[in-house]
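Visitor: I'm new here and curious about ring-shaped side chains. Could you walk me through them?

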Amino acid sequence: MIKIHFRKLCMAFLIVSTSAIAQEVPSPKSHFGFSIGDDYQLATYTQTEAYFKKLAETSKRVKLVDIGKTEEGRSQYMLIVSSPENLQKLARYKEISQQLAHAEITPEQAKALSQEGKAVVWIDGGLHANETVGAHQLIQTAYEFASKTDPETMKILDNVIILFTHANPDGQELVSNWYMREKDPKKRVLSGWPRLYEKYAGHDNNRDFFMLNLKETQNMGRQLFVEWIPQIMYNHHQAGPAGTVVAGPPYRDPFNYVFDATLLTSLDAVGAAMHTRLNVEAKPGYTQRGGSVFSTWYNGGLRTTTYFHNMIGLLTEIVGSPTPSEIPLVPSRLLPNSDSPNPVTPRKWYFKNSIDYSVSLNYAVLNYAQRHARF
Ligand SMILES: [Zn+2]
């Protein structure tokens, strides 16, 4: 009897200890060898792909989806992140999101579906691979939502289905390998690539969304416009205008006047949540409307095509690079106005600053979504 008990105890101990190990979500530092945002450090896509797989293996909140091959034959991944309970019912939530988007139901049915469903929010990164904040904020944010347990994170996980999507795997592989090839960090530069960071279109991969010629565009288009049809999508870019940190919604005039006015006022609302969160966290330097050149006019980009599907399409353009830089002195940017109520003063600027801002902006968007998910 004693022997049996002892064996049972040993087995129980083994089960407990292996499940504890299995639930340990690895930090970026433990995987990449550096923290996301460390100076002079970039992750390749090969490393990122392996990390995404680890997140899916270790976190019950993460489902890894291969959305198709890239032009260079890599797997392009989307991480679906939500509470474990929500992940059990993804098919139903997807169906609800589609029904709401297709709008072939009565307002009463729509309200009932919003009660049953979850907000669906797309956050991408890395479309323009030279804009290295994009892919790296995606890694950091995915880690935080896979592992954090604070009340805000838990509320978001309960009420939102997040689609973290890598927008250009081939580009990250090229740019990060190019930057990291120099042993001496001071020699690492983000310029002079030997070839395009999207095989056929390079930077113009963001001019392909009205015709879907490229495999990456097709992969993302299928998730955005056929499969999930999220209510909000957030497309990360660089860089903000000199003398600011980040440009974001709402955007300058003229807006594209074929869009429903609700779309424009929704950009105001989500933009206010993003902008205010940075101000509350003492992160100055956000500029909106006439503070930057970005608008809703152009019809062919990853963000701008979503307006034709009544999605709240968000773009931010943030400064920053793994090589430390400066916020320069631009006298005309120093006086607050309603475009830039909280100007940033000249200072040294680190990659980590840009990652922190981006994660805050993602949280602002996701918190807005969880608060307004239902009628
Ligand atoms: Zn860009």
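Visitor: How many aromatic pairs does a search of the whole structure find?
Guide: Keep in mind that this is a predicted model. The search covers the whole structure, and the number of aromatic pairs it turns up is nine.

Visitor: Are the rings of Phe32 and Tyr51 stacked, edge-to-face or tilted?
Guide: Their centres are 5.2 Å apart, and the planes meet at 50°. Stacked needs under 30 degrees and edge-to-face needs over 60. An angle of 50° fits neither, so this pair is tilted.

Visitor: Which helices does that pair of Phe32 and Tyr51 link?
Guide: The two residues sit 19 apart, in distant parts of the chain. Tyr51 belongs to helix α3 (residues 45-58), and Phe32 to helix α2 (residues 28-32). That makes the linked helices α2 and α3.

Visitor: Is Phe32 buried or exposed?
Guide: Buried means under 20% relative accessible area. Phe32 has 9%, so Phe32 is buried.

Visitor: Which residue joins Phe32 and Tyr51 in one aromatic cluster?
Guide: Phe32 and Tyr51 already pair up as tilted rings. The cluster has one further member, and that is Phe34.

Visitor: What strand does the pair of Phe145 and Phe164 involve?
Guide: These two rings are tilted, 6.3 Å centre to centre with 45° between the planes. Phe145 lies in helix α7 (residues 133-147). Phe164, 19 residues apart from Phe145, is in strand β4.

Visitor: Which ring does the charged end of Arg181 sit over?
Guide: The charged end of Arg181 is 3.7 Å from the centre of a ring. That ring belongs to Trp178.

How values were computed. Residues are numbered from 1 along each chain as its sequence is written. This is a predicted model: local features need pLDDT of at least 70, side-chain atom pairs count only at pLDDT 80 or more; totals for chains, interfaces and linings use all residues. Side-chain values use heavy atoms; hydrogens and water are left out. Rings of Phe, Tyr and Trp (its six-membered ring) pair if their centres lie within 6.5 Å; planes under 30 degrees apart count as stacked, over 60 as edge-to-face and the rest as tilted. Helices (H or I, at least four residues) and strands (E, at least two) are DSSP runs, numbered from the N terminus. Buried means under 20% relative accessible area, exposed over 50%, partly exposed in between (1.4 Å probe, protein chains only). A charge sits over a ring if NZ of Lys or CZ of Arg is within 6 Å of the ring centre and within 35 degrees of the ring normal.
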